[in-house]
Amino acid sequence: MSSEIYTYFENLIKKNKEKNNYKPWKLEDDDQIKAITGICITFGIFLIIGLFAHFTSI
């Protein structure tokens, strides 16, 4: 039983070493760029509103 488990894990390790499919994330579509830009602008606006609310309450 233990030899079966050992060979199973050994095969998994070999497969993982062969799979070197590292691909960086690329923004290729205009919709993706618009979505990321919208998220960044939204967080920026929240940051500005939060800072303004904090400093006006002091």
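The following dialogue concerns how to read the surface of a predicted model.

Colleague: What should be known about the model beforehand?

Modeller: In this predicted model, local features need pLDDT of at least 70 and side-chain atom pairs count only at pLDDT 80 or more, while totals for chains, interfaces and linings use all residues. Residues are numbered from 1 along each chain as its sequence is written, and side-chain values use heavy atoms, with hydrogens and water left out.

Colleague: How many helices and strands does the chain have?

Modeller: Helices (H or I, at least four residues) and strands (E, at least two) are DSSP runs, numbered from the N terminus. The chain has 2 helices and 0 strands.

Colleague: Is L27 buried or exposed, or partly exposed?

Modeller: Buried means under 20% relative accessible area, exposed over 50%, and partly exposed in between (1.4 Å probe, protein chains only). L27 counts as partly exposed because its relative accessibility is 38%; L27 lies in the loop between α1 (2-18) and α2 (30-56).

Colleague: Where is D30 placed?

Modeller: D30 belongs to helix α2, and D30 is exposed because its relative accessible area is 53%.

Colleague: What share of the 58 residues counts as buried?

Modeller: Of the 58 residues of the chain, the buried share is 0%.
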